[in-house]
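I opened this notebook to record what I looked up in the structure, going through a sheet, a helix and a pocket in turn.

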Amino acid sequence: MQIDDRLATVLRHRAAGERAARTQYRQLLDLLGARRTTGDESMLAAAWLRLAALGETIPVPDRAAMIREPGLRFRNPELALHLADDEPEVAASALAVAQLSVDDWEATIPRLPVRARGFLRLRRDLPPGTQELLERLGIRDRGLPSPDIAEELAETEASTPEADIAEQPGAKSAIVTPIRPIPANDLAHGRAATAFARNTRDDGDDGDDGEIGALVRRIESFRKARSNRPQPDNAPRLPLGEKADNGRVPLIGFAFTTDSEGRIDWAERNVAPMVVGAILPPAREAAKRHRQPLRHVELDWEGAPMITGNWIVDAAPRFTDAGGRFYGYAGRFRRPPPADTVVDQPQTDRSADLMRQLLHELKTPVNAIQGFAEVIQQQLFGPTPHEYRALAATIAGDAARMLAGFDELDRLARLESGALELQLGHCDFAEVLGRTVDQLQDVLKSRGSAFELDQHGTCDASVPLACEDAEALAWRLLATLAGSVGTNERLRLEVADTDGVIMLSCDLPAAFAARDDIFADSSRATGSVSAGMFGTGFALRLARAETRAIHGDLHREGSRLILLLPHLAATQPAMSATEA
């Protein structure tokens, strides 16, 4: 029995935070990008609504970056139509990575917004039939405005602040015909064609030189209108109503794609006129060799002032889904960090951060497995044989134990790196120990073993810990010892208040006493009681990290284990200052 319930699993969880929203948005992109997800129309409608709602909470550059990720499956024309109505950067990214069939393109392109169709002309891997359809719809790679529109736009820009150009009628009419930056070689051809047309007319032509002559006159008119307009800076800009930015923010990075020859064919819109059409040497060399990813490639770029200088390039090769044909690179330019701003992060902090990232990646599939198992075990989608329900219940239980273990790993990494602080509170640790010992006595009784707790009368064992944290610490410590207790073995526990420090001293089981370093031991408890899934050494290290988080300690002295916790009275002034 195969049940594809991935979409239902994703929709069942609410994105409570920013990271959860990004994760769920990426999952929905992956699921809705496939041709067939589910036949439940109501669930599909809910998925589209959730995708739109999440899109409103995620910044545009982040959404565009997620869409451009190489691992995204994008074969659903409905997703292309949905994203084409978003911001231009998101629409451009979606139409740049969509892998649709010829029939899908033919049905999709006429339904696209007019402004989004032009993004498809940046692609060089579209089928011939799709390119012919774009030509019939009037979507051109390069276009020039008619002479009257060019002159009108030039006069409008000369007399109107650039912030208001987008509101002018001329600007709106010009946008109907897509206009893109003209490379230098095209302008050179235009000048040569102009000279040729003039010489031809001087030789006796009446001036009616057909389409070529009309194109030449439009180029000449555009050049004249362009030259008569004052240029505020050296950045190439066409008269489309963009705002002049005299106090430009330094460019620190931008995304790009290349074709199979290493030529940049797309970039973020603020730098596209300065880099599109240029050859990226590292990409060209890598494309000729083994088409390997580009990792931390240093590059000295020459061009417009905004992009001139040193860059670091990272890019990954792109391959078509059908046949695996290489069709270029996708990556990002970024400025190298200044030498005086590099912070030497401690190795322990970096290791803890890497551990937390790894745990985050591991939790995602385990959560999905647990969700599928619970769906089967609870028969949410119909009757299920009891044998399958039993297997599903076992899988759900195993997944829950794995998630609990991941939480312990994450807790230890955060405690050791200082990223987690235990909640301060007020708790009688002697009372907590008494309750924990009572719970474990019944288990130890079957082996003839026991804990013998001596509290030295009625000493005050108040510690600055919340009751939940104190109970977890006591259970982790005593359950670890109880899991290794041998037959007819009795462990003595002593609690005492010594100079403002609550000290718990307990005998080590014989199995522990023979080991050199109990905190590095990887063996697991053999009894029915266990404090964790990663062995006794890990449980003791976690208990030691918890005690050190409140300025206590846990260490071994011969055949005894010593736990030290600060007395509540000794930390009361500090707690009052913190609360204040």
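**Entry 1: the sheet**

I began with β1 and strand β5 (residues 326-334), which pair in the antiparallel sense over 5 bridges; two strands count as paired if DSSP finds at least two bridges between them, and strands (E, at least two residues) and helices (H or I, at least four) are DSSP runs numbered from the N terminus. I noted that this is a predicted model, in which local features need pLDDT of at least 70 and side-chain atom pairs count only at pLDDT 80 or more, while totals for chains, interfaces and linings use all residues. Residues are numbered from 1 along each chain as its sequence is written, and side-chain values use heavy atoms, with hydrogens and water left out.

Across this pairing, T257 stands opposite A330 in β5. β1 also pairs with strand β2 (residues 264-267) in the antiparallel sense, over 3 bridges, and there F256 has A267 as its bridge partner. I saw that β1 and β2 form a hairpin with 5 residues between them, and that G262 in the turn has a positive phi of about 85°.

I then asked how the 5 strands are ordered in the sheet. The sheet is open, with the order β2-β1-β5-β4-β3 and antiparallel pairing. Its edge strands are β2 and β3 (294-301), each of which pairs on one side only.

**Entry 2: is β1 buried or exposed?**

I found that 6 of the 6 residues of β1 (residues 253-258) are buried (under 20% relative accessible area with a 1.4 Å probe, protein chains only), so the strand is largely enclosed by the rest of the structure. G253, A255 and T257 point one way, whereas F254, F256 and T258 point the other way. I added a reminder that in a regular strand the side chains alternate between the two faces of the sheet.

**Entry 3: a helix**

Next I checked helix α19 (residues 467-483), whose 17 residues should span 24 Å at 1.5 Å a residue (taken times one less than the number of residues), and its end C-alpha atoms are 24 Å apart, which agrees. The helix is mostly covered, since 12 of its 17 residues are buried, among them D469, R476 and G483.

**Entry 4: a pocket**

Last, I looked up which helix gives the most to the lining of the second largest pocket. It is α16, with 12 residues; a pocket here is an open set of points on a 1 Å grid over the protein atoms alone, where a 1.4 Å probe fits, with protein on both sides within 12 Å along at least five of seven lines, and lining residues have an atom within 4 Å of a point.

Conventions: Buried means under 20% relative accessible area, exposed over 50%, partly exposed in between (1.4 Å probe, protein chains only).
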